[in-house]
Amino acid sequence: MSTDNARAAAEDSLEDYAFRYVPRTFRRWSAASVGATALGSIAFLADFSIGASIGIDHGTPNAVLGILFASVIILIVGVPVAYYAARYNLDLDLIARGSGFGYYGSIITTVIFAGFTCIFFALEGAIMAQGLRVATGMPLWLGYLISTVVVIPIVIYGMRALERLQFWTTPLWLALALLPVLWIVVSDPEAVSAFTSFTGRSDGAVGFGAVVSSAAVCFALTPQLAEQIDYLRAMPPRTPSNVRSWWTSFAFAGPGWVIFSGTKQVIGVFLAVYLLVRVEPGLGLQATEPATQFVVLYQTIVPDWLAIVLALVLIVVAQVKINVTNAYSGSLAWSNVFTRMAKHYPGRTVFVLFNLVIAYVLMMLDVFTLISFVLSLYANVVMAWLVTIATDIAVNKWLLRVSPRFPEFRRGMLHDWNPVGLVSVGLASVLSLLAFAGVFGAAVEPFSVLIAIGVAFTATPVMALATRGRWYLRRDSDGIDSPRFDEHGNPSGERLRCHVTGYTFERPDMLASAERGPHGEVQYVSSLALTLDDSDRYVLPPEVTGPPHRAADPRRQT
């Protein structure tokens with residue numbers, strides 16, 4: 001490993017912490033500020049399209065029940081994962097490493113998430129291009145390009161720039177998106193009646209298959225939790241003085257994001273019904289486009305020219321808000337994967353551009369017109385991945401206690417691969433995708449996502465028990481005498497010097513080095529330096545003397 005490369009990575013990653021713990025020195029925001037910033041990222045308009053699509057396909061009752069069903073499951077899955085992110089200041093990749101996947105095994109889950117950021121960037125960018133076409137007549141390919149490059153300056157500057165953008169634009173977005181909807185509900189009661197009785201392409205009957213098919217599309221939104229986590233990991237330490245605001249911010253910006261998302265999906269159903277029943281029955285799939293939805297909505301209130309302006313402002317604000325998050329989170333994910341595999345860090349800007357190129361190609365392939373199919377397909381792998389991590393935390397760590405209770409992410413402390421998560425995700429993904437493809441028959445096909453959820457939930461604890469938890473930890477001590485956590489259970493703020501990079505890092509990010517000092521003294525090495533090291537020269541030998549839940553207790557890190 002080049003020491004210069006490690007130092008450059010340390011300097012460049014100060015704003016994003018792509019593959020390591022977020023230290024206290026960076027987390028200067030209040031819990032309320034972090035929560036408000038995280039909520040700003042759910043301004044995406046794809047929710048309206050998703051709701052409209054499943055509403056047209058299955059009718060209002062099935063669509064609304066499907067949205068509710070998916071939201072409840074996503075909320076349950078999100079609680080343990082978001083808690084570990086907010087409490088221990090880690091992103092989802094770092095959580096996955098010690099929650100069933102291993103140091104290199106989590107690369108698989110990170111690629112799944114990186115794919116999500118590309119797909120949703122493409123969907124949101126397509127919506128912005130549609131708005132530009134309606135307002136100015138701009139060709140879609142140029143709109144795709146503009147929606148892609150406009151986020152680059154903000155994303156490159158990282159979390160601080162994102163915090164300012166989300167804070168100042170959220171009130172404007174709320175006003176532009178909600179006021180016209182409220183106006184229609186109040187001024188046109190028949191629109192509400194049409195909404196509740198809309199049958200779509202179905203026969204109008206409420207059926208479990210139609211409800212689950214509706215939910216399947218919504219489940220593909222679950223990785224938004226990982227983008228919320230990229231903000232939540234900046235939460236301040238939880239102390240007696242801020243405990244109420246900490247929990248409130250966590251609840252709404254963490255697992256609670258799905259409440260807002262589900263509400264927007266229901267509004268999307270309402271907007272599609274309003275356009276097809278009360279405005280223009282011949283609109284067809286155009287009724288799923290937010291640009292069309294909001295232009296028509298505004299035209300009922302203000303002159304046409306102003307309606308177009310307001311709709312364009314809403315779309316541009318919303319798409320910039322979410323796509324800076326998609327590009328930011330995607331760049332972190334890709335850089336995390338590349339750095340661990342190549343042992344080289346070329347800088348996050350490279351991965352910002354890489355992520356955007358993939359998204360632009362997807363836009364040019366017109367992924368928006370296949371939104372329901374693409375999301376239904378992707379939901380199978382997404383739920384297999386996130387249910388596995390949530391189950392490992394909630395069941396294996398807290399109930400069975402065969403997985404280390406406290407999260408571990410550092411190289412040298414973990415095995416490279418852990419069969420618990422890998423088998424669970426692999427089995428759940430394969431079975432659900434086979435069901436989705438109709439291999440098990442047409443009657444089973446609508447329930448493919450439920451198969452992914454059920455298999456992941458079952459296989460994760462079964463694998464942990466079968467392996468007796470032996471593939472979680474490589475060592476039960478990191479060789480440092482001082483505790484990793486303070487008296488309130490927060491990661492310690494003590495700083496130690498990394499002898500490889502020369503920089504100081506906080507205690508949770510450090511390990512004792514296998515390379516002793518010139519006088520035989522213990523030296524410390526950062527997780528960042530270990531990530532970039534292409535040898536094992538600094539890695540302590542394996543040493544596990546107790547069961548996983550005991551070995552991971554931070555009070556025994558001596």
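I call a crossing left-handed if the near helix is turned anticlockwise from the far one by less than a right angle, and right-handed if clockwise. I worked throughout on a predicted model.

**Entry 1: helices 18 and 19**

By that rule I read the crossing of helix 18 and helix 19 as right-handed. Helix 18 covers residues 371–397 and helix 19 covers residues 419–436. Their axes are 9 Å apart, and I noted an angle of about 150°. Because angles over 145 degrees count as roughly antiparallel, I entered helix 18 as roughly antiparallel to helix 19.

I then listed the contact residues. Helix 18 contributes Phe373, Ser376, Leu377, Asn380, Val381, Ala384, Trp385, Thr388, Asp392 and Asn396. From helix 19 come Val420, Gly421, Ser424, Val425, Ala428, Ser429, Ser432, Leu433 and Phe436. Sorted by class, this contact holds 10 nonpolar, 8 polar and 1 charged residues.

**Entry 2: alanine 452**

I looked up alanine 452 next and found it in helix 20, residues 448–466. Its relative accessible area is 0%, so I marked alanine 452 as buried. Which residues does alanine 452 contact, leaving aside neighbours within four places in sequence? I found Asn380, Met383, Ala384, Ala428 and Ser432. Among the residues listed in Entry 1, Asn380 and Ala384 belong to helix 18, and Ala428 and Ser432 to helix 19. I also checked threonine 388, which is 64 residues from alanine 452 along the chain; their C-alpha atoms are separated by 9.8 Å.

**Entry 3: helices 14 and 15**

I turned to helix 14 (residues 257–279) and helix 15 (residues 290–299), whose axes come within 10 Å and cross at roughly 60°. I recorded this crossing as left-handed. On helix 14 the contact is made by Gly268, Leu271, Ala272, Tyr274, Leu275 and Val279. On helix 15 I listed Thr292, Gln293, Phe294, Val296 and Leu297. The class count is 8 nonpolar, 3 polar and no charged residues.

**Entry 4: aspartate 188**

I located aspartate 188 in the loop between helix 9 (159–187) and helix 10 (189–197). Is aspartate 188 buried or exposed? Its relative accessibility is 14%, and buried means under 20%, so I entered aspartate 188 as buried. Not counting residues up to four places away in sequence, aspartate 188 touches Trp183, Tyr274 and Arg278. Tyr274 is also one of the helix 14 residues in the contact with helix 15.

**Entry 5: cysteines**

I searched the whole structure for disulfides and found 0. I looked up two cysteines for burial. Cysteine 118 has 2% relative accessibility and therefore counts as buried. Cysteine 498, at 0%, counts as buried too.

Methods. Residues numbered from 1 in each chain as written. Predicted model: local features only at pLDDT ≥ 70, side-chain atom pairs only at ≥ 80, totals over all residues. Heavy atoms only, no water. Axes fitted to C-alpha atoms, helices over the stretch in contact; angles between N-to-C directions. Helix = DSSP H or I, 4+ residues; strand = E, 2+ residues; numbered from the N terminus. Contact = heavy atoms within 4.5 Å. Nonpolar A, V, L, I, M, F, W, Y, C, P; charged D, E, K, R; others polar. Buried < 20%, exposed > 50% of the residue type's maximum accessible area, 1.4 Å probe, protein only. Parallel < 35°, antiparallel > 145°, perpendicular 65-115°, else oblique. Disulfide = S-S within 2.5 Å.
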